[in-house]
Amino acid sequence: MSQLAFPLMSPALVFWASLPFCTFVLLLVLERLRPLHTGQASCGDWLLNGSGLLAQGLLIPLLSLWLGQQLAMQLPSLNGILPGTLGAFLLSFVGLDLLYYAQHRYLHSHAWWLHLPHHSSQQLGAWASARNTLWLQPLFVYVLPSALLSLLCQDKQAYLAGTLLTASLDLWRHSAIRWPHWLQQRHAWLSWLLITPASHHLHHAAGNTAINLGANLSCWDRLFGSYAPPQGYPLRYGARTRQSAWQQLLTPWHHKPDES
């Protein structure tokens, strides 16, 4: 019988699976205690951010699990051909990160209308990390391409650990926390390796900011010329749009030419 593309539950997998949720709760508490922004979320924010969290927190993982199982049955000769735990983790955390960078850059340059709902938020926060039109959710590299890469790995738990760490870092870089000065300095050092909150907040500054496009690692932006060092946090966030929240969620192709 073919090995499934994703492992059955184990203590280590339970830890990794719980990491994004625990990270999310911790960040929400810190955002409450040390908020970077003031102001109330709009009804549109609740719709877009809430539906995104439901999709990426539940529906997309279930879809990915199903795809992994189907691929394992349909392509048994490719299942587990890449040995090694470290290699599986790096394929997920580094290799998939490069694919995401390429996809993210394409969205900004050629499919902005599809990515605009993510950038329409006027204030950032951990709960805005999954904000997207429903049409884009299953098209991300973390779905089918990720399932294919996982199929190749012998140690699928190590590969999955990389994806769950990526999900946790995604929440962190979107978080809106007023960090202490000494910790902010540590973030500056981290920016040589990772996309930090300050780096990603600059990406979400007002307008179509096609900078700091990486997810985990800042090396892709540095290598391909899209890195911009952050100087504090932006004063204004979000791209202008005349679409309603429901249009952004369901019919993003109603994008108006003068939106940016």
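## A buried charged pair

Arg131 is buried, and Asp45 is buried too. Keep in mind as you look around that this is a predicted model. The side chains of Arg131 and Asp45 meet in a salt bridge, at 2.8 Å from N to O. This pair ties together distant parts of the chain: Arg131 sits in the loop between α4 and α5, while Asp45 belongs to helix α2, and 86 residues separate them.

In total, the structure holds two salt bridges. Arg173 and Asp170 also meet through their side chains, at 3.0 Å from N to O. Here both partners lie in helix α6, three residues apart, which is about one turn of the helix. Arg173 and Asp170 are both buried as well.

## The cores

Now for the nonpolar interior. The largest nonpolar core counts 18 residues, and the ones with the most contacts inside it are Leu27, Trp172, Trp179, Leu217 and Tyr233. Three elements give it two or more residues: α1 (11-33), α3 (85-110) and α6 (156-174). Helix α6 supplies the largest share, three residues. Apart from this core lies another one, made of 14 residues, including Leu96, Leu114, Leu136 and Phe140.

Trp172 is a handy place to start exploring. Leaving aside residues up to four places away in sequence, Trp172 touches Leu27, Trp179, His187, Leu190, Leu194, Ile195, Thr196 and Pro197.

## Two helices on the inside

Take a look at helix α4, residues 112-119. Seven of its eight residues are buried, so the helix is largely enclosed by the rest of the structure. The buried ones are Trp112, Leu114, His115, Leu116, Pro117, His118 and His119. Among the elements covering them are α3, α6, α8 (197-203) and α10 (245-250).

Helix α5, residues 144-152, has buried residues too: Ser146, Ala147, Leu149, Ser150 and Leu151. These pack against α2 (43-74), α3 and α6.

## A greasy spot on the surface

Helix α5 also has a residue in a nonpolar surface patch: Leu148 has its place in this helix, and the patch is formed by Leu75, Leu78, Ile81, Leu82, Leu144 and Leu148. Together, these residues have about 450 Å² of accessible area. Leu148 counts as partly exposed because its relative accessibility is 36%, and the partly exposed range runs from 20% to 50%.

## Cysteines without partners

How many disulfides does a search of the whole structure find? The search comes back with zero. A disulfide, in general, is a covalent bond between the sulfur atoms of two cysteines. Cys153 is in no disulfide, and the nearest cysteine sulfur, belonging to Cys219, is 19 Å away.

The cysteines sit in quite varied surroundings. Cys153 has a relative accessible area of 2%, so this residue is buried. Cys219, at 34%, is partly exposed. Cys43 reaches 70% relative accessibility and therefore counts as exposed.

Cys219 is found in helix α9, residues 219-224. Cys219 and Trp192 are 27 residues apart in sequence, and their C-alpha atoms are 7.7 Å apart in space.

Terms used:
Residues are numbered from 1 along each chain as its sequence is written. This is a predicted model: local features need pLDDT of at least 70, side-chain atom pairs count only at pLDDT 80 or more; totals for chains, interfaces and linings use all residues. Side-chain values use heavy atoms; hydrogens and water are left out. A nonpolar core is a set of buried Ala, Val, Leu, Ile, Met, Phe, Trp, Tyr and Cys residues joined through side-chain atoms within 4.5 Å. Buried means under 20% relative accessible area, exposed over 50%, partly exposed in between (1.4 Å probe, protein chains only). Helices (H or I, at least four residues) and strands (E, at least two) are DSSP runs, numbered from the N terminus. Contact means heavy atoms within 4.5 Å. Patches are made of residues with over 30% relative accessible area and no salt bridge: like charges are joined within 9 Å, nonpolar side chains (Val, Leu, Ile, Met, Phe, Trp, Tyr) within 5 Å. Accessible areas come from the Shrake-Rupley method with a 1.4 Å probe; for residues, only the protein chains shown count as cover. A salt bridge is a side-chain nitrogen of Lys or Arg within 4 Å of a carboxyl oxygen of Asp or Glu. A disulfide is a pair of cysteine sulfur atoms within 2.5 Å.
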